[in-house]
Amino acid sequence: MDFLLHSSAGWACVALAVYPALLLWHLGWFLVFLLLSRLGKGALRQYLVNLAISHDQRLNALTGGDPDSTVSARLGRAYGWAMVEEEKGTLFWIFVLPVTRLLHWLDPYHVEIYALADRSEGKKAIFGYKPLGPKHWKWLEGRKALVA
């Protein structure tokens with residue numbers, strides 16, 4: 001047991017064991033609060049939505065994103081960048097596109113709407129942040145216009 005507590009390799013082992021559990025913990029609470037918010041009304045509904053957003057932001061921070069931004073906004077920025085620049089790497093095909101399509105199925109143009117709502121966020125991301133220019137924002141706004 002001393003090895004685990006007094007060495008960097010030991011702490012790395014503990015972190016690797018705890019990290020997936022931490023991600024699942026926040027994902028679980030995010031989903032619970034989001035689903036419960038569908039049942040609530042007025043102030044209770046807003047309170048539950050706020051709790052869901054707080055867990056969403058924690059998930060984003062735990063995965064190297066900006067702690068002030070949500071996973072949806074981060075996905076929207078990545079999706080907008082990839083579609084405009086036609087730069088689709090492995091991460092795009094494995095994660096960004098499937099999750100974006102799932103969210104579009106649940107809530108059409110979800111990631112575009114939240115990327116536009118969080119325009120000023122994302123700069124504190126540890127990795128995965130690419131600043132979007134006017135052509136990217138224009139593309140996202142065009143996608144959002146399809147909702148109206």
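**Helix 7 and its salt bridges**

Let me begin with one residue, Gly142, which is partly exposed at a relative accessible area of 38% (buried means under 20%, exposed over 50%, and partly exposed in between, with a 1.4 Å probe and protein chains only). What we are looking at is a predicted model, in which local features need pLDDT of at least 70 and side-chain atom pairs pLDDT 80 or more, while totals for chains, interfaces and linings use all residues. Residues are numbered from 1 along each chain, and side-chain values use heavy atoms, without hydrogens or water.

Gly142 sits in helix 7, which covers residues 134-145 (helices are DSSP runs of H or I with at least four residues, strands runs of E with at least two, numbered from the N terminus). Its C-alpha atom is 9.3 Å from that of Glu112, although the two residues are 30 apart along the chain.

Stepping back to the whole protein, we find seven helices and zero strands, so that, read from the N terminus, the order of elements is α-α-α-α-α-α-α. Of the 148 residues in the protein, 32% are buried. At the exposed end of the scale we can place Leu39, which has a relative accessible area of 68% and belongs to the loop between helix 2 and helix 3.

How many salt bridges does the structure hold? There are four, each being a side-chain nitrogen of Lys or Arg within 4 Å of a carboxyl oxygen of Asp or Glu. Side chains of opposite charge can pair when their charged atoms come close.

Let me take Asp68 and Lys124, whose closest N and O atoms are 2.5 Å apart in their salt bridge. Because Asp68 lies in the loop between helix 3 and helix 4, and Lys124 in the loop between helix 6 and helix 7, this pair ties together parts 56 residues apart in sequence. Asp68 itself is partly exposed, at 33% relative accessibility.

Helix 7 comes back with the salt bridge between Glu85 and Lys135, where the closest N and O atoms are 3.1 Å apart. Here Glu85, in helix 4, is linked to Lys135, in helix 7, across 50 residues of the chain, and Glu85 is partly exposed, with a relative accessible area of 30%.

Finally, Glu141 and Arg119 form a salt bridge with their closest N and O atoms 2.1 Å apart. Glu141 belongs to helix 7 and Arg119 to the loop between helix 6 and helix 7, so far as sequence goes 22 residues apart. Both residues are partly exposed, Glu141 at 38% and Arg119 at 36% relative accessible area.
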